[in-house]
Amino acid sequence: MYSLHSIPRVLKRAAVPAVGAVLAIGINVTIATPATASGSYTGRAYVYGSGAVSDDFDDEGVTNVTTHRNSNVACLWQTILWANGYLPSSGIDGVFGDQTDAATRNFQRDKGLVADGSAGRNSWTKAGDKLVQHDNQNGWLYVVYHGATGSRSPYGSHEFVVQRSPDGNYRFYPPQGGGPYWAAYNSRTC
């Protein structure tokens with residue numbers, strides 16, 4: 001049995017390991033997220049660029065079946081897959097599911113990348129090679145994504161418009177209409 005004087009000492013001994021365990025779990029969760037584990041994600045809320053548009057996609061985060069699965073970034077990635085002939089426009093819904101995973105793997109194989117189904121730094125960089133700036137209106141950059149041409153694409157040759165705001169955030173217009181949609185990692189409106 002504990003005396004009234006020994007109870008605070010027992011609580012202190014139990015509290016130190018418990019607090020340590022909680023902190024360790026919190027640190028592991030923070031460090032182990034897939035987007036930061038790749039070393040490529042800027043941590044921004046939107047697809048972002050500065051300077052020349054040709055390298056704007058080079059440091060984007062991950063989107064796949066578990067990370068940013070339901071997001072406008074997934075919708076932008078699906079629009080890129082559509083433009084390159086890997087996904088029908090009906091597959092653009094902002095949900096990174098099995099069809100998007102398979103299309104991503106095909107895109108990666110054709111581009112000489114590891115076909116892991118995860119649109120990470122290397123996939124975004126390859127996709128960004130097809131961005132071409134066409135206009136600058138008061139700091140808004142109007143950019144066209146030039147997709148596949150010729151017989152490579154069963155869905156034909158496709159292009160779509162993306163815009164970079166004066167603060168560097170991207171928005172896009174998917175082929176089925178609507179938009180513009182902000183290329184957000186943590187929300188889905190497309």
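This report covers the nonpolar core, the strand pairing and helix 5 of a predicted model.

## Nonpolar core

The largest nonpolar core holds 32 residues. Within this core, L76, W77, I80 and F160 touch the most other members. Six elements are listed as giving two or more residues: helix 3 (72-83), helix 4 (98-110), helix 5 (121-128), strand 2 (140-146), strand 3 (159-164) and strand 4 (170-172). Helix 3 gives the largest share, 9 residues.

I80 shows how these parts meet. Leaving aside residues up to four places away in sequence, I80 touches F57, W124, A127, Y145 and F160.

## Strand pairing

Strand 2 pairs with strand 3 through 6 bridges, in the antiparallel sense. Here V144 stands opposite V161 of strand 3.

Strand 3 also runs antiparallel to strand 4, and 3 bridges join the two. R164 faces this partner too: R164 stands opposite Y170 in strand 4. The hairpin of strand 3 and strand 4 has 5 residues between the strands. In this hairpin, G168 takes a positive phi near 95°.

## Helix 5

Which residues of helix 5 are buried? They are S123, W124, A127 and G128. These buried residues lie on the same side of helix 5, because they cover an arc of only 135° around the axis.

The cover over the buried residues of helix 5 includes helix 3, helix 4, strand 1 (131-137) and strand 2. Two of these buried residues, W124 and A127, are among the contacts of I80.

Conventions
Residues are numbered from 1 along each chain as its sequence is written. This is a predicted model: local features need pLDDT of at least 70, side-chain atom pairs count only at pLDDT 80 or more; totals for chains, interfaces and linings use all residues. Side-chain values use heavy atoms; hydrogens and water are left out. A nonpolar core is a set of buried Ala, Val, Leu, Ile, Met, Phe, Trp, Tyr and Cys residues joined through side-chain atoms within 4.5 Å. Buried means under 20% relative accessible area, exposed over 50%, partly exposed in between (1.4 Å probe, protein chains only). Helices (H or I, at least four residues) and strands (E, at least two) are DSSP runs, numbered from the N terminus. Contact means heavy atoms within 4.5 Å. Two strands pair if DSSP finds at least two bridges between them. The arc is that of the directions from the helix axis to the C-beta atoms.
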